[in-house]
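Subject: Structure handover

Hello,

Here is the structure I promised to pass on. Please open it alongside this email; my notes follow.

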Amino acid sequence: RTINGVPITQTIADGGALEDMDSTMETWSYESLCFYVDKDGIESMTYSNPYTIGKIKTENLNLLSFSEVMKIYEKMMVVTNYNIDRIVLGYARIYEPSTDAHTGILIPVWDFFGSMTSESEYNGETESNTSKDPNESFLTINAVDGSIIDRNLGY
């Protein structure tokens, strides 16, 4: 989905996760459209949590410069086992589940995609594993104020 030509960035995160297992907050997962295809074609389709796009709250926002965003990235991504190969400017939906679990806003964000390498040791031998999902955002930065968005939580 795009808003005024700018895409809502797709990630593997469902949004709407709980901060902890004792939480009683109502949560709201991201909008998703999934097609299930088998050898005969489309088997089924699901459309979950559809958004209703309302009014623009703020027009002509000043976004952080890319160099400012990269400074935030360098502070946040101190772990060196990430290999970022794609940076995307798009929208992300955020909300405040403690206030309203049914209304949110779309904000401009920078998402950092790539792969992650981890090492494990077993019987004295070290094994290296690399995981790469093209839709896994390792870091999401609010393009207006530089705050970090947790894609799993949705805020």
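A word on strands before the hairpin: strands here are DSSP runs of E, at least two residues long, numbered from the N terminus. With that in hand, look at β3 and β4, which a hairpin joins through two residues. Please keep in mind that this is a predicted model.

The hairpin first. Strand β3 covers residues 32-38 and strand β4 covers residues 41-48. The two run antiparallel, with seven bridges between them. Within this pairing, Phe-35 stands opposite Met-45 in β4.

Now the salt bridges. The count comes to four. Here are some of them.

Asp-40 pairs with Lys-39. Their closest N and O atoms are 3.5 Å apart. Both residues are exposed.

Asp-85 pairs with Lys-132, and here the closest N and O atoms are 2.7 Å apart. This salt bridge links distant parts of the chain. Asp-85 sits in strand β5 (residues 82-96), Lys-132 in strand β7 (residues 125-142). They are 47 residues apart. Lys-132 has a relative accessible area of 52%, so this residue counts as exposed, the cut-off being over 50%.

Arg-151 and Asp-111 also meet through their side chains, at 2.5 Å from N to O. Asp-111 belongs to strand β6 (residues 100-122), while Arg-151 lies in the segment after β7, so the salt bridge ties together parts that are 40 residues apart in sequence. Are these two buried or exposed? Both Arg-151 and Asp-111 are buried.

Best wishes

Methods
Residues are numbered from 1 along each chain as its sequence is written. This is a predicted model: local features need pLDDT of at least 70, side-chain atom pairs count only at pLDDT 80 or more; totals for chains, interfaces and linings use all residues. Side-chain values use heavy atoms; hydrogens and water are left out. Buried means under 20% relative accessible area, exposed over 50%, partly exposed in between (1.4 Å probe, protein chains only). Helices (H or I, at least four residues) and strands (E, at least two) are DSSP runs, numbered from the N terminus. Two strands pair if DSSP finds at least two bridges between them.
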